[in-house]
Amino acid sequence: MKKQRKERGSLWRRLREQYDRAMGRGLRGEMQGCRQLILQGCEEILEYGKCRIRLSLRDPDACQIIVSGRELVCLSYHPDAVVVQGRIQQITYCCEGGEEDVCASTM
């Protein structure tokens, strides 16, 4: 019984996921050229560097997103949204199963 509960996540996380779905607050991104990405639906910054920024997501279909490029900097971070600026070359998301799929690519 405990194992099942742990796999499903905490009650708080499950309630928040259901609330986010109902309110339409899943993953949402906006690119402004190949220089800026505004991403809503983030939980935390997992990795931060000039060439790669990895973010944890609240979206049930994708658990992480990786922004790759040069001179990357996180201009703004607050609960639910991140602004990444620099020369964005690739955006990759990772599904729950662990496989990575390219969802957008810019040069």
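Q: How many bridges join strand 4 to strand 5, and do the two run parallel or antiparallel?

A: In this predicted model, twelve bridges join strand 4 to strand 5, and the two strands run antiparallel. One residue pair illustrates the pairing: S76 has V83 as its bridge partner in strand 5.

Q: Which other strand is joined to strand 5 by bridges?

A: Strand 2, residues 36–48, is joined to strand 5, residues 80–94, by six bridges. These two strands also run antiparallel. Here the residue to locate is L37, whose bridge partner in strand 5 is V84.

Q: Where in the chain is confidence lowest, and where is it highest?

A: The general idea is one of caution: where pLDDT is low, the predicted coordinates should not be read in detail. In this chain, confidence is lowest in strand 6, residues 100–105, with a mean of 47. Strand 4 has the highest confidence, at 92. Over the chain, the average pLDDT is 78, and 72% of the residues score at least 70.

Q: What should one look for when reading a salt bridge, and how many salt bridges are counted?

A: Side chains of opposite charge can pair when their charged atoms come close. The criterion applied is a side-chain nitrogen of Lys or Arg within 4 Å of a carboxyl oxygen of Asp or Glu. By this rule, the count is two salt bridges. In one, the side chains of R52 and E47 meet at 3.2 Å, N to O. In the other, E47 meets R54 at 3.3 Å, N to O. Through shared partners, the salt bridges join E47, R52 and R54 into one network.

Q: Are R52, E47 and R54 buried, partly exposed or exposed?

A: The classes rest on relative accessible area: under 20% is buried, over 50% is exposed, and values in between are partly exposed. R52 is partly exposed because its relative accessible area is 35%. E47, at 29%, is likewise partly exposed. R54 also counts as partly exposed, with a relative accessibility of 22%.

Q: Which residues form a nonpolar patch on the surface?

A: The patch consists of Y48, V73 and L75, which together have about 280 Å² of accessible area. A residue must have over 30% relative accessible area to be included in a patch. L75 serves as an example: its relative accessible area is 48%, so L75 is partly exposed. In the chain, L75 lies in strand 4, residues 64–78.

Methods. Residues are numbered from 1 along each chain as its sequence is written. This is a predicted model: local features need pLDDT of at least 70, side-chain atom pairs count only at pLDDT 80 or more; totals for chains, interfaces and linings use all residues. Side-chain values use heavy atoms; hydrogens and water are left out. Patches are made of residues with over 30% relative accessible area and no salt bridge: like charges are joined within 9 Å, nonpolar side chains (Val, Leu, Ile, Met, Phe, Trp, Tyr) within 5 Å. Accessible areas come from the Shrake-Rupley method with a 1.4 Å probe; for residues, only the protein chains shown count as cover. Helices (H or I, at least four residues) and strands (E, at least two) are DSSP runs, numbered from the N terminus. Buried means under 20% relative accessible area, exposed over 50%, partly exposed in between (1.4 Å probe, protein chains only). Two strands pair if DSSP finds at least two bridges between them. pLDDT is the predictor's confidence in each residue, from 0 to 100.
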